[in-house]
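Subject: Structure handover

Hello,

Here is the structure for you to look through. Please open it first, then read my notes below.

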Amino acid sequence: MLTKTIQTAINDQIKIEADSSQIYLAMASWAEVQGFEGISAFMYKQSDEERMHMLKLVKYANQRGGEAKIPNVIEPVLDCSSFKALFTQLYEHEVKVSASINELVHISLSEKDYATHNFLQWYVSEQIEEEATARTILDKINLIGDDKGGLYLFDNDMKNFSGGQPTSMQ
């Protein structure tokens with residue numbers, strides 16, 4: 001059985017994951033309109049992944065005797081001045097999500113809810129991967145600079161980007 005404190009914290013995280021899905025969806029739409037086929041495919045995939053993170057929390061809360069709340073989602077406000085600005089925001093958002101997951105882990109330990117603590121370890125690992133992916137992408141963008149040919153190749157590479165490394169490197 002979830003305590004009220006844990007249930008509230010999980011519901012807060014459900015909102016964060018739902019908002020994350022919306023943010024990635026907005027980024028995907030922008031990239032698609034700009035003609036960045038690879039970037040949009042990556043962002044659509046990430047949006048779906050964030051929704052799955054939310055659903056995993058919803059099911060966990062309900063299965064543990066709590067009640068998941070399905071939140072309203074935000075309308076993302078993004079700086080779409082460049083693909084670099086977009087990915088910088090993505091990285092900064094993932095850092096915030098990591099902090100939120102860490103706080104949820106802290107609450108689970110404070111409440112001596114070891115089952116929830118165990119459940120959350122998957123999210124801790126996932127956030128390490130998400131931040132690393134965003135950092136890797138930003139590093140590549142910094143290497144490209146203003147080179148249009150490099151941007152074309154980068155966008156093409158993004159079609160196959162998964163996890164922390166492009167699929168060709170896994």
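The protein has 5 helices and 2 strands in its secondary structure. Follow the sequence and the pattern reads α-α-α-α-α-β-β. The radius of gyration is 17 Å, close to the 15 Å that the globule rule gives for 170 residues, so the protein is as compact as a globular protein of that length. Keep in mind that this is a predicted model.

Next, the overall dimensions. The C-alpha trace spans about 55 × 30 × 20 Å along its principal axes. Of the 170 residues, 44% are buried. The protein exposes about 9,100 Å². Carbon and sulfur atoms supply 53% of that area.

How are the contacts spread along the chain? Take those with a separation of 6 or more: residues 24 or more positions apart account for 77% of them.

Charges come next. The protein has 15 positive and 25 negative charges. Their mean positions are 5 Å apart.

Now for four residues to look up.

**Phe119**

Find Phe119 in helix α4, which covers residues 114–144. Is Phe119 buried or exposed? Its relative accessibility is 15%, so Phe119 counts as buried, because the cut-off for buried is under 20%. Leaving out residues up to four places away in sequence, Phe119 touches Lys56, Leu57 and Tyr60. Val105 is 14 residues from Phe119 along the chain. The C-alpha atoms of Phe119 and Val105 are separated by 9.4 Å.

**Ser98**

Ser98 sits in helix α3, residues 83–110. Its relative accessibility is 8%, so Ser98 counts as buried too. Which residues does Ser98 touch, not counting those up to four places away in sequence? They are Gln127 and Glu131. With Glu131 there is also a polar contact: the side chains of Ser98 and Glu131 are joined at 2.4 Å.

**Asp113**

Asp113 is in the loop between α3 and α4. Why does Asp113 count as buried? Because its relative accessibility is 8%, and buried means under 20%. The side chain of Asp113 makes a polar contact of 2.8 Å with the side chain of Thr116. Another polar contact, of 3.4 Å, joins the side chains of Asp113 and Arg64. Arg64 is also among the residues that Asp113 touches, once those up to four places away in sequence are set aside. The others are Leu2, Ile6, Tyr60 and Ser108. Tyr60 may look familiar: Phe119 touches Tyr60, and Asp113 touches Tyr60 as well.

**Asp79**

Asp79 lies in the loop between α2 (37–63) and α3. Its relative accessibility is 39%, so Asp79 counts as partly exposed. Where does its side chain make a polar contact? With the side chain of Ser81, at 2.7 Å. Not counting residues up to four places away in sequence, Asp79 touches Ala85, Leu86 and Gln89. Those three have numbers within the range of helix α3, residues 83–110. Last, try Asn142, which is 63 residues from Asp79 along the chain. The C-alpha atoms of Asp79 and Asn142 are separated by 18 Å.

Best wishes

Note on methods:
Residues are numbered from 1 along each chain as its sequence is written. This is a predicted model: local features need pLDDT of at least 70, side-chain atom pairs count only at pLDDT 80 or more; totals for chains, interfaces and linings use all residues. Side-chain values use heavy atoms; hydrogens and water are left out. Helices (H or I, at least four residues) and strands (E, at least two) are DSSP runs, numbered from the N terminus. Buried means under 20% relative accessible area, exposed over 50%, partly exposed in between (1.4 Å probe, protein chains only). Contact means heavy atoms within 4.5 Å. A polar contact is a pair of N or O atoms within 3.5 Å; within protein, one must be able to donate a hydrogen and the other to accept it, and residues adjacent in sequence count only if both atoms are side-chain atoms. The radius of gyration is taken over C-alpha atoms; the globule rule is 2.2 Å times the number of residues to the power 0.38. Accessible areas come from the Shrake-Rupley method with a 1.4 Å probe; for residues, only the protein chains shown count as cover. Lys and Arg count as positive and Asp and Glu as negative; His and the chain ends are not counted. The place of a charge is taken as NZ of Lys, CZ of Arg, CG of Asp or CD of Glu.
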